[in-house]
Amino acid sequence: MALKPLTSVFLSPLSLPYSPSNPTPKFSSFYTKPTPISCQTQARQQAAPTSDPYRPESDGLGAAAPTRGDLFLEHHQSVAASEVVFNANKKKKKVKSSGSWKASAASACYGCGASLQTLETDAPGYVDPETYELKKKHRQLRTVLCGRCRLLSHGQMITAVGGHGGYSGGKQFISAEELREKLSHLRHEKALIVKLVDIVDFNGSFLARVRDLAGANPIILVVTKVDLLPKETDLNCVGDWVVEATMKKKLNVLSVHLTSSKSLVGISGVASEIQKEKKGSANVGKSAFINALLKMMAQRDPAAAAAQRYKPIQSAVPGTTLGPIQIDAFLGGGKLYDTPGVHLHHRQAAVVHSEDLPALAPRSRLRGQCFPNFQVAFDDSTLSRIKSNGLNGFSIFWGGLVRIDIVKVLPQTRLTFYGPKALNIHMVPTDKADEFYQKELGVLLTPPTGKQRAEDWLGLETERQLQIKFEDSDRPACDLAISGLGWIAVEPIGRSLRTSDSDLEETAKQLQLSIRVPKPVEIFVRPPIPVGKGGGEWYQYRELTEKEVEARPQWYF
């Protein structure tokens, strides 16, 4: 019969219309009446579009028509494809809004934070092209150390920061302004700021406008290099002195820590404070401190122990770190960032040649050099002049960077210099000071080192007249802090020169000095810092009200 082939086509259960009331169709009934079944199927397929206006247009009849299963699979495939596109766009927006310095962290040198590149051989971030491609292929770019960092690790002085606050000599690939811009995002983010201050250069290294970078974020103040303070220094007095100076800045300081990155003194307290207060990221600007911190945190946190393998590079040259370096230092997923230092144009490091920078960094415990010093060999006329009139009429040179003219002081007045031992101190009569400076600059008075650099030296262009008043002759009147170098303690009556106060009562309690420094360098007149054995004897703790006690941050050592 001619209808049997048509009958066999409709035996497929996928071609039968589904009826919820009859989930299991009985196929035996269709063998008896094949022709009516064929007509009813055609009628249903043709009438379907009119009965449901929202049903999509039919793609064919018979076996070629898409089944409900095909339509179901097609719908889910389209939904899955749209989700992939949506997630890709969402991820792209998230990366774009998270900050360029975070997005590029994976392709930066782990030693200095500079972006990796294969074009400029002498520039920061340079990597051999073959090495770059190999590391990129294996997704190991975060383990790459650039060529500049390799040279720095071997003691070479290679500066890369120029501009206002940069360093002369060498090549300048990035300006100090660009480094500050990389830190400007901090005030808009929720972070825990760890601010480092050098105790030897407290005023020069304490960023005056730190609130512009930190915003309202809490700050942990870390005072470094306390191991360089003179012997027998009472750190209780130093800690109180630091807190008093910090309170005048009106910052949101949680605590103050006296530390040494070299001996690891005080580092454990900082690590505990960070792990207790961490809120995502801690931003630190000192690679030596970061390495000491990781070493201490590794005892408690396995993530910090693993992070020690790829830690920031250390170097004596300022401007080693050129970009934020992300360190996975917390087991809970928090990030530690070593950020570029804020380069200050008013420090001595900004005016000397890059090869003279190591002379500005003290490497051993400070020992004050006192003047007048009768152990220095003077001629008879100079010696008798000092004994009769003290330092009046003399000029003291601190290397080639500072000149102090003593205009009017007491005969017993003493000046004590605290700073790097590489800078020699010379005292000459003021009427011969100009000639002595021109003759000995680059020879006895260094830095600048060498006659060639002495010829390019602009000289001591800034002069400041100081009138120092004092009330108590038993303690120093003040400190004269030279930004980027050290400080000079001014004692109205030296302890070794003290006789009686009878003459002091008749004399105006005022000292007159004149200080000359290079043009951008700043001079700070501050309360004297209590160092040495004598500091603990004359330092006086201020009486506090209950409100002041609550507002003051605690200090730790």
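**Two open sheets and two nonpolar cores**

Let's start with a sheet: strands S9, S12, S16, S15 and S18, in that order, make up an open sheet of five strands, and the pairing is antiparallel. At its edges sit S9 (369-371) and S18 (523-526), each of which pairs on one side only. On average, neighbouring strands here are turned by 20 degrees against each other, if you ignore direction. Keep in mind as you look around that this is a predicted model.

Zoom in on the S9 edge. Strand S9 is joined to S12 (residues 414-418) by three bridges in the antiparallel sense. One spot to find is Cys-370, whose bridge partner in S12 is Thr-416.

Now for another sheet. This one is also open and has five strands with antiparallel pairing, and its order runs S13-S10-S11-S17-S14. Which strands are at the edges? They are S13 (425-429) and S14 (462-469), each pairing on one side only. Neighbouring strands of this sheet are turned against each other by 20 degrees on average, direction ignored. At the S13 end, S10 (residues 394-398) pairs with S13 through five bridges, again in the antiparallel sense. If you want a landmark there, Ile-396 stands opposite Met-427 of S13. As a reminder of what holds such pairs, strands of a sheet pair through backbone hydrogen bonds.

So much for the backbone; on to the side chains. The largest nonpolar core has 48 residues, and the members that touch the most others are Trp-398, Val-402, Phe-417, Ile-468 and Leu-480. Phe-417 is a good one to click on. Leaving aside residues up to four places away in sequence, Phe-417 touches Arg-367, Gly-368, Gln-369, Phe-371, Ile-396, Trp-398, Ile-404, Ile-425, Trp-487 and Ile-488. Some of these names tie back to the sheets: Ile-396, the residue opposite Met-427, is one of the contacts of Phe-417. Apart from this core lies another one, with 38 residues, including Val-223, Leu-235, Leu-251 and Leu-366.

Finally, step back to the whole chain. How many helices and strands does the chain have? There are 20 helices and 19 strands. Of the 557 residues, 45% are buried. Take the contacts between residues at least 6 apart in sequence: 71% of them join residues at least 24 apart. As for the outside, the accessible surface of the chain comes to about 30,300 Å², and carbon and sulfur atoms account for 52% of that.

Key: Residues numbered from 1 in each chain as written. Predicted model: local features only at pLDDT ≥ 70, side-chain atom pairs only at ≥ 80, totals over all residues. Heavy atoms only, no water. Pairing = 2+ DSSP bridges. Helix = DSSP H or I, 4+ residues; strand = E, 2+ residues; numbered from the N terminus. Axes fitted to C-alpha atoms, helices over the stretch in contact; angles between N-to-C directions. Core = buried A, V, L, I, M, F, W, Y, C linked by side-chain atoms within 4.5 Å. Buried < 20%, exposed > 50% of the residue type's maximum accessible area, 1.4 Å probe, protein only. Contact = heavy atoms within 4.5 Å. Areas by Shrake-Rupley, 256 points an atom, 1.4 Å probe, with all protein chains shown as cover.
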